[in-house]
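Student: I'd like a close look at just one part of this protein, explained slowly. Here is the model we're talking about.

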Amino acid sequence: MSIGGFHLSSKISRHLPDGLGHNLFQTSMKHSKGQTLMDMVCEHLNLLEKDYFGLTFADTDTQKNWLDPSKEIKKQMRNAPWHFAFSVKFYPPDPSQLTEDITRYYLCLQLRDDMLSGRLPCSFVTHALLGSYTVQAELGDYDQDDHGSDYISDFRFAPNQTRELEERVMELHRNYKGMTPAEAEINFLENAKKLSMYGVDLHHAKDSEGIDIMLGVCANGLLIYRDRLRINRFAWPKILKISYKRSNFYIKIRPGEYEQFESTIGFKLPNHRAAKRLWKVCIEHHTFFRLVSPEPPPKGFLVMGSKFRYSGRTQAQTRQASALIDRPAPHFERSTSKRYLLSRSLDGGEVHEGVKAGTQGRESVVSPLTITAESVTSATTTQVTKTVKGGYSETRIEKRIIITGDDDVDQHQALAMAIQEAKQQHPDMQVTKAVVIRETEAVEGSVKG
């Protein structure tokens, strides 16, 4: 899937949360600010509730940074070419309050990526439940004729996926008859939002005793983790001040019910840039989730400290703006989730199988196919053609072959002959996958070209 339409002075590539590569734009925008690029991306994605999202890039230390929309892009980038990732920046505590399905869809894509990367740890039960909603959103209702008995082995739901997990996902998916993709994604989000690490942005640090910890920033405040266990939590109302100096990060805490004085807690970050990065993330999260409107940046020449302020809309403001959205529900294609994309071609070489979504322009025809004189065989050819950006046409052909006969039928020979015929019928296409399913009464082969 390619994105075109404008250009930047350096090549920019974008990766949506589902991991599908997207080439992004190149033109002369020497003095463009980050907001200009973000607006162009969201316009292309048909995304109006864009304040929850942002663009990230890696600095020279390969650390993730958020592109500041108020500053020129070239002043934030220290290396070339420019590579950005489109990501969720502020995870909504209640995704059901998002106005449009397309916004929830992009949030789902981000969470699936979080689960696969391990940023969002899940139990076996949760992986199975969320995986089943993913399958329902992408494949729809379970159909024995279309899906067979093993239809999700290419899906990726968890970092260390097992056959047991896949079987549980299929078991749950078969109960969702009539559930729409939008409903499946709502159910996905309602369960994902309850996970303890939902929307937590982690930063490496050390405590006052030099022990390795992680500082997590989220909608509710600052969290402290040691050995993957949360050992403390500071809600935003309890924090009076956030600051940093060199590589040290400080929070000033409001006195408790039985305390008289404020207290300051310090943490050691790997370097000065890491401390400033954490400080900025805290400022942005506090402003977005706690304030009605952003604080204006300080003015004048005698301002002490950083002038940085969050410049976007707060959650309160974006909810007000979302309530005014007046357009028909946008039509969009749900892309396939991350799958095991490397398969072996039938010619013996390795090919990268591009799994595509959408069935626009589908037309099915039945063509006769003779394998042997003794076997009775039928074949169904399904051709899917759709127009992608730029006016190009993509075609995928799937041939389903059902062979009935004695146990003596040579399935390998039958499949080889089917593949040969597929190549003869479509010489300009490449066979990328073949699946043989042996059943009691039938052997089924699926050939994709």
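How many helices and strands does the protein have? After that, please take me through helix 4.

Tutor: The protein has ten helices and 19 strands. Both kinds of element are DSSP runs, numbered from the N terminus: a helix is H or I with at least four residues, and a strand is E with at least two. Before we zoom in, keep in mind that this is a predicted model, where local features need pLDDT of at least 70 and side-chain atom pairs count only at pLDDT 80 or more, while totals for chains, interfaces and linings use all residues. Residues are numbered from 1 along each chain as its sequence is written, and side-chain values use heavy atoms, with hydrogens and water left out.

Now find residues 124-139, which make up helix 4. Let's check its length. The expected span is 1.5 Å times one less than the number of residues. With 16 residues in helix 4 that gives 22 Å, and the end C-alpha atoms are indeed 22 Å apart, so the two agree. Just past the helix comes Gly140, which has a positive phi near 80°.

Is helix 4 mostly covered or mostly open? It's mostly covered, as twelve of the 16 residues are buried. Buried means under 20% relative accessible area; exposed is over 50% and partly exposed lies in between, using a 1.4 Å probe and protein chains only. Among the buried residues of helix 4 are Thr126, His127, Leu130, Tyr133, Val135 and Glu138. For the wider picture, buried residues make up 43% of the 449 residues in the protein.

What do those buried residues pack against? They pack against helix 3 (101-117), helix 6 (163-173) and helix 7 (181-192). A contact here means heavy atoms within 4.5 Å. Contacts that link separate stretches of chain turn up throughout the protein: of those between residues at least 6 apart in sequence, 55% join residues at least 24 apart.

Let's stop briefly at one of those neighbours. Thr103 belongs to helix 3, and with a relative accessible area of 1% it counts as buried. If you skip residues up to four places away in sequence, Thr103 touches Leu47, Glu49, Phe53 and Leu98.

Back to helix 4, and to its rings. The structure holds 16 aromatic pairs. One of them is Tyr133 with Tyr176: their ring centres are 5.0 Å apart and their planes meet at 10°, so this pair is stacked. The pair bridges distant parts of the chain, with Tyr133 in helix 4 and Tyr176 in the loop between helix 6 and helix 7, 43 residues apart. Both tyrosines, Tyr133 and Tyr176, are buried. As for the rule, rings of Phe, Tyr and Trp (its six-membered ring) pair if their centres lie within 6.5 Å, and planes under 30 degrees apart count as stacked, over 60 as edge-to-face and the rest as tilted.

Last, look at two charges over rings. Arg174 lies over the face of Tyr142, 4.7 Å from the ring centre, and Arg112 lies over the face of Phe188 at 5.9 Å. A charge sits over a ring if NZ of Lys or CZ of Arg is within 6 Å of the ring centre and within 35 degrees of the ring normal.
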